[in-house]
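Here are my notes on the model you sent over. Have it open alongside while you read, and tell me where you disagree.

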Amino acid sequence: MKPAPFEYVRPKTVAEASVTLGRRGVNTAAIAGGQSLMPMLALRVALPDLVVDISRLEDLKIVTRTPDSVWLGALTTHAAIEDGETPDVFNGLMRAIAGQISYRAVRNHGTIGGSVALADPAADWPVFLSTFGATLRIVGRNGVRVQSIDDFIQGPYETTLTTGDIIMGFDIPAPPRSFRWGFSKVARKSGAFAHSLAVVVAAGKGGPVKAVLGAAGPKPRMLIATAAQLEIPDSSEEEVRAAIKADLNAYFGDLDDYQKRMHTANVLHAARKMRAQ
Amino acid sequence: MTTVTIDLNGVKIAADVEPRQSLADFLRDACGLTATHLGCEHGACGACTVVVDGKATRSCLSLAVMCDGRAVQTLEGLRSDAMMELLRRHFHESHALQCGFCTPGMLIMARDILRRHSRPDAAIVRHELSGQICRCTGYANIVKAIVAAGQEIANVATSEE
């Protein structure tokens, strides 16, 4: 047994789980899929006294679709998204992203809520959620709050979560049906954490463009110049490349030459894919 | 200690587990089911892959206590599973193992791949197998065995139509 000893409880309701997680004087950790927490427990990087199992809370498994948005409960697994069990209003983008997260056995258990709560700068979902301006619903000691993903993630492994908080799920605005996307990821091997993550989306031909880059800095970042350049019909690849370079210099001054070339190539690859749709 | 009830390879068992015990340690140490191998113990190597409620699962990344009420299948429990018999034969014929340490995880994952993909080609198998590490074979024969098994299933299905 590698983890240090801890107590374990499986509350029946979200309210009970929140109270248990917020217990004073006790170092608590919530476990859902456990695919990130388990290695941290084994390495004793995480040392909770009490592990609160939230994996069976039905209120966190709700998935609904309204005309304007999709609600994904925090316990939605990567595999469920990959297999198209959740509403596919993103023309396949979510499925493409999900299918490249880690490995199938991990995707079977790993959840979107757990991934976002960990806020690894190289994680996929924060980039996706940021692209669409998604919001989180979080239940905690002071009731429920709604927060945008960009406000929620403060930096590497840093979020606004405090003791007793539980992410209920994500409200993701649905794009227009004509929406096009490009997604590109650089990783040493398939399933490994990304060195670069780029999502480029356009609301139809000639519509507004958004480009978001992950794994380059402390949190996902909108590439403003790149998006503006991609909005110009028939702008050349050289012009797009120059815009990406300008964005990288503006937001990620610390990157070395190799990293800049890698991110440039990756964003360009995503942009090409989007334009080809 | 917490008491859990688990459907283990088709048999209902009740056991007392320490909360920090992984499913892998529980299977090997408490149940004597040593087909489940432990390589990295942090989810990278795939040797410990088992099936929980029908889903391929890293047993090193699961707590035994969280499997309370679930159905767990290890390689031992898939001895007479039709697809596993087929895979064993193809692993044998293609010489898809050398030291055998990764093989239990490879077989479980191979079965999972064939349940989700009909007649997968080598590219699909390689992508799907990227979470399983083998340090002997160079993967070529493992991929060959799974592709061949997938073809045999598809051919049998076609001839039965």
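1. Which residue in β13(A) does V200(A) stand opposite? The partner is A211(A). Before going further, keep in mind that this is a predicted model. The pair belongs to β12 (residues 196–202) and β13 of chain A, which run antiparallel to each other and are joined by six bridges.

2. Zooming out from that pair, the sheet in chain A is an open one made of four strands, in the order β11-β12-β13-β14, with antiparallel pairing. Its edges are β11 (180–186) and β14 of chain A, each of which has a pairing partner on one side only.

3. Next, the β11 end of the sheet. β11(A) and β12(A) are antiparallel and share seven bridges. One of the matched pairs there is R180(A) with A202(A), the latter sitting in β12(A). Is this edge strand enclosed or open to the outside? β11(A) is largely enclosed by the rest of the structure, because six of its seven residues are buried.

4. There is also a helix to look at here. Helix α11 (residues 257–276) of chain A lies across β11, β12 and β13 of chain A. Against β11(A), the helix runs at about 150°.

5. At the other end of the sheet, have a look at K219(A). This lysine is in the loop that links β13 (209–214) to β14 (221–222) in chain A. Why does K219(A) count as buried? The reason is the neighbour count: K219(A) has 20 C-beta neighbours inside 10 Å, and 20 or more is what the buried class asks for. Setting aside residues within four places in sequence, the contacts of K219(A) are P121(A), P126(A), I153(A) and G155(A). For a sense of distance, I97(A) is 122 residues away from K219(A) in sequence, and their C-alpha atoms are 18 Å apart.

6. On to the packing. The largest nonpolar core holds 120 residues, and the ones with the most contacts inside it are I54(A), V199(A), V200(A) and I146(B). So which element gives the largest share of this core? That is helix α3 (residues 103–116) of chain B, with seven residues. As for I54(A), once neighbours within four places in sequence are left out, the residue is in contact with A17(A), A30(A), I31(A), A32(A), L60(A) and I166(A).

7. Chain B comes in two parts: domain 1 covers 2–78 and domain 2 covers 82–160. Their C-alpha centres are 22 Å apart. Where they meet, 14 residues of domain 1 of chain B are in contact with 12 residues of domain 2 of chain B. On the domain 1 side, strand β3 (residues 49–52) of chain B gives the most, with three residues. What is that side made of, by class? It has nine nonpolar and five polar residues, and no charged ones.

8. Last, the contact between the chains. Chain A puts in 24 residues and chain B 25. On the chain B side, β4 (55–58) and α4 (122–128) each supply at least two residues, and β4(B) has the largest share, four residues. By class, the side of chain B that touches chain A divides into six nonpolar, 11 polar and eight charged residues. Set that beside the domain 1 surface in point 7, where no residue is charged.

Methods
Residues are numbered from 1 along each chain as its sequence is written. Chains are lettered from A and ligands numbered from 1 in the order in which they are written. This is a predicted model: local features need pLDDT of at least 70, side-chain atom pairs count only at pLDDT 80 or more; totals for chains, interfaces and linings use all residues. A residue is buried if 20 or more other C-beta atoms lie within 10 Å of its own, exposed if 12 or fewer, and partly exposed in between; C-beta atoms are placed from the backbone. Two residues are in contact if their C-beta atoms, placed from the backbone, lie within 7 Å. A nonpolar core is a set of buried Ala, Val, Leu, Ile, Met, Phe, Trp, Tyr and Cys residues joined through C-beta atoms within 7 Å. Two strands pair if DSSP finds at least two bridges between them. Axes are lines fitted to C-alpha atoms, for helices over the stretch in contact, and angles run from 0 to 180 degrees between N-to-C directions. Domain bounds come from an automatic or database domain assignment. Ala, Val, Leu, Ile, Met, Phe, Trp, Tyr, Cys and Pro count as nonpolar, Asp, Glu, Lys and Arg as charged, and the others, Gly among them, as polar.
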